[in-house]
Structure formats: structure tokens, C-alpha cells
Amino acid sequence: MIRAVITDIEGTTSSIAFVHDILFPHAYKALPEWLEAHADEPAVADCMDEVRADAGAPEATTGDVAGILRSWMDEDRKATPLKSLQGMIWETGYRQGEFTGHLYRDVVRQLERWKQQGAALYIYSSGSVYAQKLMFGHSDEGDLTPLFSGYFDTAVGGKRDAESYRVILDELGLHGSDVLFLSDVVEELDAAQNAGLRTCQVCRSEGMVTGTHPVVSGFDEVSLDGND
Ligand SMILES: CSCCC(=O)C(=O)COP(=O)(O)O
Ligand SMILES: [Mg+2]
């Protein structure tokens, strides 16, 4: 029996279009003005220092940092300070009701079912833990945060690196064979499998690149004990 399910967000619980056509453009547009307004807040200043260090630009002004971050967004770089700042910027959008976190229709029903069956539920996304909580706290289907036992982001490492999944297993105190990881991306599933986790690829559209992992088109096709 699976004791924990860890799921990716973009392309798995939620559409790639929601992230790329709504969330990312919102942050891209708001970034320069938002950064000027919040540059003195310690959490923001720390992120900006990380950006300066990573870009090798210790003297970069706030405007320069905004430019660097926008170029990282153009590359869809999963850099931790970028992801932290995006989360902070999205907060206003969620709170003002500009958007709600998209979820595929099968997701909530199945998460509730797995929880009832005794599995603990976790998120692992490149989006910051703060951004994850916002998205599930302001989802299309209301506040779903009570469903989850924890959240992981790039603080544990990149999603294509097996070591990240070992760190997660350590934190959960579980063996890989007790844990199912769901994602749309083969490289992430390969990394999780290399760390000993069970895997399942969620292919939300036709023609996706598949690998050696079991494939489903939605969460309702995933069984935790092989009996449903
Ligand atoms: C918390 S929603 C924003 C997701 C995000 O910023 C991102 O880069 C998508 O990462 P994922 O690991 O969920 O594919
Ligand atoms: Mg994904």
C-alpha cells in the first residue's frame, strides 16, 4: 500500500496554460514596479541579493535585478529567488480574485479519496512553497490546503535530480517503495525512480513524450493498492 503521494503541479494537477498564460505573465508585468515598492523588505532584499550573486552582478540596481529576473522568466529558469519572488507577487492576484488556482476536474475527488484511504498527500513543485500554498488555498475549488501534509520546492533540489527525492524521503521518514510520485515530465519521474520511489506519468494531452513509467490520463486512473 502506498503511504504517501507526492504530486507535481504544472501539467499534473493543473494546466500548463494556467501557469504560462496567467501566472507567469502576471508576475512578468508586475515585477519592476513591485520590486521597487518592496525592495526594502528583508525577504525581498535576500532574494535580490541571491539574484545578484547568481548573475555575478553585485552592483545591480533594483531595476537591473528586475531585468535579470525577466530574462530568467523568458528562459523559464527554475531559480529559487525567482520562484520565491513570483509567489510573493501572485499573492495580490489571488487575494484580489484576479485568478484562482486551476485544477483538473479529477484532482480534488481523487486527492480526497487517497487521503481517506490513509495516504498522506504532498506537493513537490519548482514553484515556491509559498506559491503552492497560495495556489491550493485559492483554487478553483476553494481552500484545499487542509488536504496536504506538506510541500516541497527547489530548497530540496531540482526536480530532475534523484538526490532531491532522497532528501524528501528522509524528511518524510519513508522508504521509496511507500511513496508514489506523479508528474507529467519523464525526467522528473526518472529521477524519482532512481531514488526508489514509485512513479506514474500523468499525460493530460495527446502526443506527450513518454518513458518507461506507467501512464494515466488523469488521477482517477491511479490506484494506490491496485484494487480499484
Ligand atoms: C505554484 S504554481 C507555479 C508553478 C511554477 O512556478 C513552476 O515553475 C512550475 O513548476 P512545476 O515544478 O510545478 O512544473
Ligand atoms: Mg509538471
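1. In this predicted model, the residues of the shell around ligand 1 divide by class into 5 nonpolar, 5 polar and 5 charged. The ligand is surrounded by 15 residues, and the closest of these are Ile 9, Glu 10, Ser 125, Ser 126 and Gly 127.

2. Three helices, α1, α4 (80–95) and α6 (129–137), each supply at least two residues of the shell around ligand 1, and it is α6 that gives the most, with 3 residues.

3. The domain assignment of the protein gives domain 1 (4–15 + 102–221) and domain 2 (19–95), and 25 Å separate their centres when these are taken over C-alpha atoms. The contact between them takes 13 residues from domain 1 and 11 residues from domain 2; on the side of domain 1 that touches domain 2, the classes are 4 nonpolar, 7 polar and 2 charged residues.

4. Where does the shell around ligand 1 lie with respect to domain 1 and domain 2? Both domains give residues to this shell, so it lies between them.

5. The largest nonpolar core has 53 residues, and those with the most contacts inside it are Val 5, Ile 6, Val 65, Leu 69, Val 179, Leu 180 and Phe 181. Helix α1 (residues 16–38) provides the largest share of this core, namely 6 residues. Because domain 1 and domain 2 both give residues to the core, it too lies between them.

6. For Val 179, leaving aside its neighbours within four places in sequence, the residues in contact are Ile 2, Arg 3, Ala 4, Ile 6, Leu 169, Leu 174, Leu 197 and Arg 198.

Technical notes: Residues are numbered from 1 along each chain as its sequence is written. Chains are lettered from A and ligands numbered from 1 in the order in which they are written. This is a predicted model: local features need pLDDT of at least 70, side-chain atom pairs count only at pLDDT 80 or more; totals for chains, interfaces and linings use all residues. Domain bounds come from an automatic or database domain assignment. Two residues are in contact if their C-beta atoms, placed from the backbone, lie within 7 Å. Ala, Val, Leu, Ile, Met, Phe, Trp, Tyr, Cys and Pro count as nonpolar, Asp, Glu, Lys and Arg as charged, and the others, Gly among them, as polar. A nonpolar core is a set of buried Ala, Val, Leu, Ile, Met, Phe, Trp, Tyr and Cys residues joined through C-beta atoms within 7 Å. A residue is buried if 20 or more other C-beta atoms lie within 10 Å of its own, exposed if 12 or fewer, and partly exposed in between; C-beta atoms are placed from the backbone. Helices (H or I, at least four residues) and strands (E, at least two) are DSSP runs, numbered from the N terminus. A residue is near a molecule or strand if its C-beta atom, placed from the backbone, lies within 6 Å of it.
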